[in-house]
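Let us take a walk through a protein model together, one stop at a time. Have the picture ready and turn it as you read.

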Amino acid sequence: MDSALIRRKFLEFFEGKGHKIVPSAPLVLKNDPSLLFTNSGMVQFKDNFLGNAAPKFSRVADTQKCLRVSGKHNDLEDVGLDTYHHTMFEMLGNWSFGDYFKKDAIAWAWELLTEVYQLPKDRLYVTVFGGDKKDNLPVDTDAENLWKEYISADRILHGNKKDNFWEMGESGPCGPCSEIHVDLRSDEEVKKKPGKDLVNNDHPQVVEIWNLVFMEFNRKADGSLEKLPAQHVDTGMGFERLCMAIQKKTSNYDTDVFRPLMDFIALNADNYKYGTDTKKDIAVRVMADHIRAVSFAISDGQLPSNTGAGYVIRRILRRAVRYGFSYLNFKEPFMYRLVPLLALQLKDVFPELHKQEEYVERVVHEEEISFLRTIGNGMVLIMDELKSIKNIENTLLKLKGKIYRTGTDINFVGTQKDSSLVERKYNWNAFDLGASSFQDRLNVDDILECIQDIEDYDKAVQALMDRSKIIRGSLAFTLNDTFGFPIDLTELVAREDGFKVDINQYNLYLNEQKSRSKVAATKEIGDWILIGADKKTEFIGYENLESEIRIVKYRKIKQKNKELFQLVFDTTPFYAESGGQVGDTGVIESVNEKIFITDTKKENELIVHFAEKLPESFTSTFLARVDVRKRELTMDNHSATHLLHASLRQILGKHVEQKGSLVNEKILRFDFSHFAAMTPEEISKVETMVNERIRENISLNEQRNVPIEKAKSFGAMALFGEKYGDFVRVITFDPKFSVELCGGTHVSATGKIGLFKIISESSVAAGVRRIEAVTAEGAQEFVDDSLAVLNELKTLLKNPKDISASLQNLIEEKHSLEKKLELMYQQQANILKDELARKAVKSNGHTLILEKVQAPNADSLKNIAYALRNQFEDLLLVLAADVDSKPQVTVMIGEKLAATNKFHAGNMVKELAKEIDGGGGGQPFFATAGGKNLNGLDAVLVKAKTMF
């Protein structure tokens, strides 16, 4: 039985039991602050369980796209290493909202598994909740007795609270659950050890396939439980594991869900045969799994980025690219080539990917290019680190045979006999150690420790060399955190060269970062406190900007040590942030007090108002007033966004689709699919078209509660990644121009917008462009400011007839003067270089130049230094320069002298820079420093003479 048939049989079975088959919700969540992604099948029904919305059907079934890579269900690092974890997976589920309960849920689960799918009954085990003393909950004997009608008692196991009591979160609906496990081992293995001993013990062939949750409690914020007013059923069956069981495989990845992708990957990895190399097998599994999560997240509207859900998607994609790069030799983008194969495979069940195939493919491709570039940059940093370590090894080799003891002092051959290492520990040049990186990694105390502990000094040096062969954990963390270079790739590169990463130090930095993030994200949420009867809020803000309201319930929240309060009203004129439009602000007033509403948001279907304090009396009737000016300016921008969308589709083509938006009182931001930067002509045409529609003063045609299919027949576009109900709101500005599904607030006629002005057009991601624009007063201010700048330029240029030509002439004249000045500087530099060469003296076998000079700029000094280096291979150069009244020090070591490692320009310049109150650094042969004290230049030369 192939996977498509397995899925179809599940849906047909429950349809036959009176269930409404509903489509999968988007993978990416919009109005749920507690989750980034849909991580279980019940998420789209959360409001039904919380009581915020009445269920449309009492029985529902579906297959839901789920993603578990962050938060409570963080499976990412396990994916690919074993055979049953995934990032994106399908959850087959059936639900009852106050209808059937344990009896039917258990009976139907057994019927489907054993009669429809014909799984062997003697390989199935079930678990029931074994009770919990802390919560004062008994064993779920109801479920246990019901199971005994189908399965022997020795196959019914008691589970603890962790495994058999399902909770939505720290608070909310919850209840005991009953899991169904299947033993897929061979008969020989089963005889050796019964499957019941392996249930819930992470055995790859004894796995849970279905969880039946019986929701009957509500967990309050204080941890206590209360009975729900109605009993519900929430079941979830892992589709991939079910396919493994039915198709008699020992791994999810061996099913036809994954094998088409895996075979394509292996074929393109030099025709690799899957199953012959453990590390390569992991890479193949990682890539096949991750492309599913990335592709469907993008098709549901989430682009890879550096924050939030976008960061998670980028991290998943980069993990796949890194595995392909490291183990399968994919040095060029490859993941994007899997998108068409995946889109075709799931075309019938999840058509959204197939419809956006080219767009998703391009986004993945560009992300791969970017990350492979990052890997290249990271490799450069690692190679520099390895080179530095090897320099340390060469330095340490010089110690062999050169250490001796005089009494309690430890000395080097070639130094003064009575000069102890301890006394001269920081004078590295005296010991001929050369490499500056040596000081950063192994200090003198390290040397003393090894030399004093090991009588054989050559062995002591070897011990130091072993200690030096470690890549700093701080560098590995910086590579990962700043450059996105994964730690395991750093470890892989290190191992190939015989080095290790200081993983303890890396973890120290990582844990510090996690602690900071955890503190920043800490949020305490209290229980809702009801004021009278609970009821759903009626939004009246399309017609009214003020109304009388009563408070239904409230709760306290604390985030980042700031205390806020959330209020729910019986009716509200406040628009809750949604669809890109920001939430309303305003006040609620009674006779005695005024409470400021600082924001309005949606938590699923609940409209929540934020305030910094609570009213003195909750039973009062309040007058709620929206900030009218903010709302009107926001409406101008929102309606303009619709006109912009329609204009873009007419000017650029029908491929343009909204990919995101932000609408507030100051600006509108609109992201859309398009694969090239807009030309100035295109921008001008779009802007002109929008303003034409504004001047036409097109009246708003708002239609509510329109059946979704009827709305689509009007030409309204359903955006990918948005969740729509059976009935929608349609916003039309001329049925031949702009028809959209939208819940936001809008102007009554386009003329109210006044003026529309695009202020920028840029790239957001591969295949996604962003326009920022202003309207009404904001557009007027932008035009006024632009004209003011233009008039100022005219005045400065003495009112030329053609301002563009005048500016062009000025630019050309400036370039001409710069070339002349550059030539003059070069001539001065050549003269100064010749003067310095004449002043060179021989000292201790070196060509020494120590001079105070004046130079036109820093580049001239650098050119002079390199020219002198080419002239003298044993050069020791120190220039104390006055560069435009600012002090600068330049140190250059000749090529022959640099090879001896006796002098290090970087170390020297750091010391010399102290005389000019500055700092600097550079390479072993060339370094510079700047400072503040121009009067210190003479002291620089005095100190330099002591170094040679």
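Our walk begins at N200, which is partly exposed because its relative accessible area is 31%. Here, buried means under 20% relative accessible area, exposed means over 50%, and partly exposed is in between, with a 1.4 Å probe and protein chains only. You will find N200 in the loop between α6 (187–192) and β8. Names like these come from DSSP runs numbered from the N terminus: helices are H or I runs of at least four residues, and strands are E runs of at least two. Before going further, note that this is a predicted model, where local features need pLDDT of at least 70, side-chain atom pairs count only at pLDDT 80 or more, and totals for chains, interfaces and linings use all residues. Residues are numbered from 1 along each chain as its sequence is written, and side-chain values use heavy atoms, leaving out hydrogens and water.

What is the sign of phi at N200? Phi of N200 is positive, near 60°, and the residue is not a glycine. Most residues other than glycine have a negative phi. N799 also has a positive phi, about 50°, although it is not a glycine. This residue lies in the loop between α23 and α24, and N799 counts as exposed because its relative accessible area is 58%.

The helices on either side of that loop bring us to a surface feature. Helices α23 (776–796) and α24 (803–839) each supply at least two residues of a nonpolar patch. Which residues make this patch? V789, L793, L796, L807 and L810 do, and together they form a nonpolar surface patch of about 420 Å². Patches are made of residues with over 30% relative accessible area and no salt bridge; like charges are joined within 9 Å, and nonpolar side chains (Val, Leu, Ile, Met, Phe, Trp, Tyr) within 5 Å. The areas come from the Shrake-Rupley method with a 1.4 Å probe, and for residues only the protein chains shown count as cover. Helix α23 gives the most to the patch, with three residues. L807 is found in helix α24, and L807 is partly exposed, with a relative accessible area of 32%.

Now let us look at charged partners. Side chains of opposite charge can pair when their charged atoms come close. How many salt bridges does the structure hold? There are 47 of them, where a salt bridge is a side-chain nitrogen of Lys or Arg within 4 Å of a carboxyl oxygen of Asp or Glu.

One pair to find is E216 and K102, whose closest N and O atoms are 3.8 Å apart. E216 sits in strand β8 (residues 206–219) and K102 in helix α3 (residues 102–116), so this salt bridge ties together parts that are 114 residues apart in sequence. Are these two partners buried or exposed? E216 is buried at 10% relative accessibility, and K102 is buried at 6%.

Another salt bridge joins the side chains of E687 and K757, at 3.1 Å from N to O. E687 belongs to helix α21 and K757 to strand β30 (residues 756–765), so the pair connects parts 70 residues apart in sequence. E687 counts as buried at 14% relative accessibility, whereas K757 is partly exposed at 26%.

D874 and K842 also meet in a salt bridge, with 2.8 Å from N to O. This pair links distant parts of the chain, 32 residues apart: D874 is in the loop between α25 (858–871) and β34 (875–883), and K842 is in strand β32 (residues 841–843). D874 is buried at 14% relative accessibility, while K842 is exposed at 62%. Salt bridges that share partners also join K102, D140, E216 and K227 into one network.

Two last stops show how residues apart along the chain are placed in space. T688 lies in helix α21 (residues 680–695) and is partly exposed at 38% relative accessibility. The C-alpha atoms of T688 and S647 are 9.2 Å apart, with their positions 41 residues apart along the chain. A533 is in the loop between β15 (529–530) and β16 (538–539), and A533 is exposed at 65% relative accessible area. Its C-alpha atom is separated by 7.1 Å from that of V552, which is 19 residues away along the chain.
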